[in-house]
Amino acid sequence: MSHEPGGSDDARARASVGGPGGAKPPGLKIDIVTIFPRMVEGPLQEGIVARAVTRGLLDIRVHDLRAFTTDRHRVVDDVPFGGGPGMVLKPEPLFAAVEAVRAQRGSPSAVILTSPDGEKLTHDVAARFSGMDHLVILCGRYEGVDERVREHLATDTISIGDYVVSGGELPALVIVDAVARLVPGVVGDEASVAGDTFASGGLLDYPQYTRPADFRGMTVPPVLLSGHHAEIEKWRREQALARTRLHRPDLLKEREQ
Ligand code: SAH
């Protein structure tokens, strides 16, 4: 993967995280637009997402927003109209980036703006995106993004939670990972995804243990060593319910509705 500054077409799609192009039918296409490409490229090269890319289930490209500026200094931000602190990402490079993606890779199914005031990312939201063909994710920075991007470019505005991080890069990675897990074949064992917290009818996961059965006198619940599958299932279900009742009673209320 090259890291030279952008400018050419090649540099625009500077970081094809995807495997050798063209050989396999494209899986879910994802284009991430950011002023810090390296911040997202690294994490995409590890673990489940990286394996999915190698296997052609995901086709992810990272684009440097500065490559879509037209001025000599490659300026992506400007002061807010009306005054106030900080800088705002300008609309032109973001529109140009999405237009270039459209020209290179076809019309995206969704253009996702990352923003703390967006729709909260949940299992259901991730599932909705996992059924699409092509996502573009726009990473904000500074005080945020010119509102015209949200109004006229983005199809969805997504928040990863009620806190503010410094840029859309980590939120983009969270979205990619949560969505990727729900693309068929990405996680080796489908049962493991179906049983995950929030996927399994809104219950938190039951506690997990592995060997050794006795670690410094801290022992594993005997039922798990019993070999009685029905008993184990019953125990897990009780634990999941108890945990949910304790930590997330709101999820139980949702189930009742
Ligand atoms: N001034 C803004 C915060 C800007 S943070 C406000 O008060 O709402 C800069 C960028 O980080 C945002 O444009 C967005 O892209 C990203 N970001 C920060 N927190 C986020 C969150 N919880 N979810 C998604 N994106 C977030």
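A residue counts as buried if 20 or more other C-beta atoms lie within 10 Å of its own, as exposed if 12 or fewer do, and as partly exposed in between. Y142 has 17 other C-beta atoms within 10 Å, so Y142 is partly exposed. The structure described here is a predicted model. Its chain holds 257 residues, of which buried residues make up 30%. The secondary structure comes to 10 helices and 10 strands. Of the contacts between residues at least 6 apart in sequence, 76% join residues at least 24 apart.

**Ligand shell**

- The ligand is surrounded by 19 residues. The closest are T114, P116, G140, G168 and P171.
- Strand β6, residues 110–120, supplies the largest share of this shell, with 4 residues.
- Sorted by class, the shell around the ligand has 8 nonpolar, 8 polar and 3 charged residues.
- Two of the closest residues recur below: T114 is in contact with I137, and P171 is among the buried residues of α7.

**Strands β2, β3 and β7**

- Strand β3 covers residues 58–64, and 7 of its 7 residues are buried, so the strand is largely enclosed by the rest of the structure.
- From β3, the residues L58, I60, V62 and D64 point one way, while D59, R61 and H63 point the other way; all are buried.
- Strand β2 is likewise mostly covered, with 7 of its 7 residues buried.
- One side of β2 carries L28, I30, I32 and T34, the other K29, D31 and V33, and all of these are buried.
- β2, residues 28–34, runs parallel to β3 and is joined to it by 7 bridges.
- Within that pairing, L28 has L58 as its bridge partner in β3, and I30 has I60.
- β2 also pairs with β7 in the parallel sense, over 5 bridges.
- In β7, L135 is the bridge partner of I30. I30 thus has a partner in β3, I60, as well as the one in β7.

**Nonpolar core**

- The largest nonpolar core has 47 residues, and those with the most contacts inside it are I112, V136, I137 and L138.
- Helix α7, residues 169–180, gives the largest share of this core, 6 residues.
- In soluble globular proteins, nonpolar side chains tend to be buried together.
- Neighbours within four places in sequence aside, I137 is in contact with I30, I32, I112, T114, A172 and I175. Of these, I30 and I32 are on one side of β2, while A172 and I175 are buried residues of α7.

**Helices**

- α7 has 12 residues and reaches 16 Å from its first C-alpha to its last, close to the 16 Å expected at 1.5 Å a residue.
- The buried residues in α7 are E169, P171, A172, L173, I175, V176, V179 and A180.
- An α-helix has 3.6 residues a turn, so residues three or four places apart point the same way.
- Helix α9, residues 229–247, has 19 residues and reaches 26 Å between its first and last C-alpha, close to the 27 Å expected at 1.5 Å a residue.
- α9 is hardly covered, as the count of buried residues among its 19 residues is 0.
- E41 lies in helix α2, residues 37–44. With 18 other C-beta atoms within 10 Å, E41 is partly exposed.
- E41 and V62 are 21 residues apart in sequence, and their C-alpha atoms are 7.1 Å apart in space. V62, in β3, is buried.

**Backbone geometry to check**

- Most residues other than glycine have a negative phi, and most peptide bonds are trans.
- Y142 has a positive phi of about 55° although it is not a glycine. Y142 is in the loop between β7 (134–138) and α6 (147–152).
- R74, which is not a glycine, has a positive phi of about 55°. R74 is placed in the loop between β3 and β4 (77–78).
- R74 has 17 C-beta neighbours inside 10 Å and therefore counts as partly exposed.
- The peptide bond from R211 to P212 is cis, with omega near 5°. P212 is in the loop between α8 (190–194) and β9 (214–215).

Key: Residues numbered from 1 in each chain as written. Predicted model: local features only at pLDDT ≥ 70, side-chain atom pairs only at ≥ 80, totals over all residues. Near = placed C-beta within 6 Å. Helix = DSSP H or I, 4+ residues; strand = E, 2+ residues; numbered from the N terminus. Nonpolar A, V, L, I, M, F, W, Y, C, P; charged D, E, K, R; others polar. Pairing = 2+ DSSP bridges. Core = buried A, V, L, I, M, F, W, Y, C linked by C-beta atoms within 7 Å. Contact = placed C-beta atoms within 7 Å. Expected span 1.5 Å × (residues − 1).
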